[in-house]
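Thanks for coming, everyone. Let me put the model up, and then we will walk through it.

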Amino acid sequence: MDLLLHHSYFPGIFAFFITYVLCKIAEGRYLLAYPNHRSAHTKPTSTFGGIAMFVGMLSGMGVLFLFHPDVFNQDVIKVLGCSSIIWL
């Protein structure tokens, strides 16, 4: 298989790993959303999943850039810039 395809798995794997780690940190420090009468969930839920997904995406793109800098063009840079602004 193409090496590019193998590197494209990294963002998902890293995002899954970092999500797990940040959720465990949130549980240990009591940084959870506790359900109340307006909540849809019934158990305390971590609020760090979105941060972990964003970090996973950026790290995956960084690894992809290291191995395949020719993949990055203006469109990819625009998408990364817009997603960074949205995240802020």
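What covers the buried residues of helix 2? Hold that thought while I set the scene.

First, a caution. This is a predicted model. Please keep that in mind throughout.

Now the overall layout. The protein has four helices and two strands. Start at the N terminus and read along: the order is α-α-β-β-α-α. The protein has 88 residues, and 19% of them count as buried. About 6700 Å² of the protein is exposed. Carbon and sulfur atoms supply 71% of that area.

How do the contacts spread along the chain? Take the contacts in the protein with a separation of 6 or more. Residues 24 or more positions apart make up 53% of them.

Back to helix 2. This helix covers residues 10-28, which is 19 residues. From first C-alpha to last, helix 2 reaches 27 Å. That is close to the 27 Å expected at 1.5 Å a residue.

Which residues of helix 2 are buried? They are A15, I18, T19, C23 and A26. These residues cover an arc of only 140 degrees around the axis, so they sit on the same side of helix 2.

Turn to the face pointing away from that buried side. There you find exposed residues of helix 2: I13, F16, Y20 and G28.

So to my opening question. The cover over the buried residues of helix 2 includes strand 1 (32-33), strand 2 (45-46) and helix 3 (49-67).

One more stop here. After helix 2 comes Y30. The phi of Y30 is positive, near 60 degrees.

On to helix 3, one of the elements in that cover. Helix 3 has 19 residues, which should span 27 Å at 1.5 Å a residue. The end C-alpha atoms of helix 3 are 27 Å apart, in agreement. Which residues of helix 3 are buried? The answer is A52, F54, G56, G60, V63 and L64.

Last stop, helix 4. Helix 4 spans residues 74-87, and V76 is found in it. Why does V76 count as partly exposed? Because its relative accessible area is 23%, and partly exposed runs between the buried cut-off, under 20%, and the exposed one, over 50%.

How far is V76 from M61? The two are 15 residues apart along the chain, and their C-alpha atoms are separated by 9.5 Å.

That is the tour. Over to you for discussion.

How values were computed
Residues are numbered from 1 along each chain as its sequence is written. This is a predicted model: local features need pLDDT of at least 70, side-chain atom pairs count only at pLDDT 80 or more; totals for chains, interfaces and linings use all residues. Side-chain values use heavy atoms; hydrogens and water are left out. Buried means under 20% relative accessible area, exposed over 50%, partly exposed in between (1.4 Å probe, protein chains only). Contact means heavy atoms within 4.5 Å. Accessible areas come from the Shrake-Rupley method with a 1.4 Å probe; for residues, only the protein chains shown count as cover. The expected span of a helix is 1.5 Å times one less than its number of residues. The arc is that of the directions from the helix axis to the C-beta atoms.
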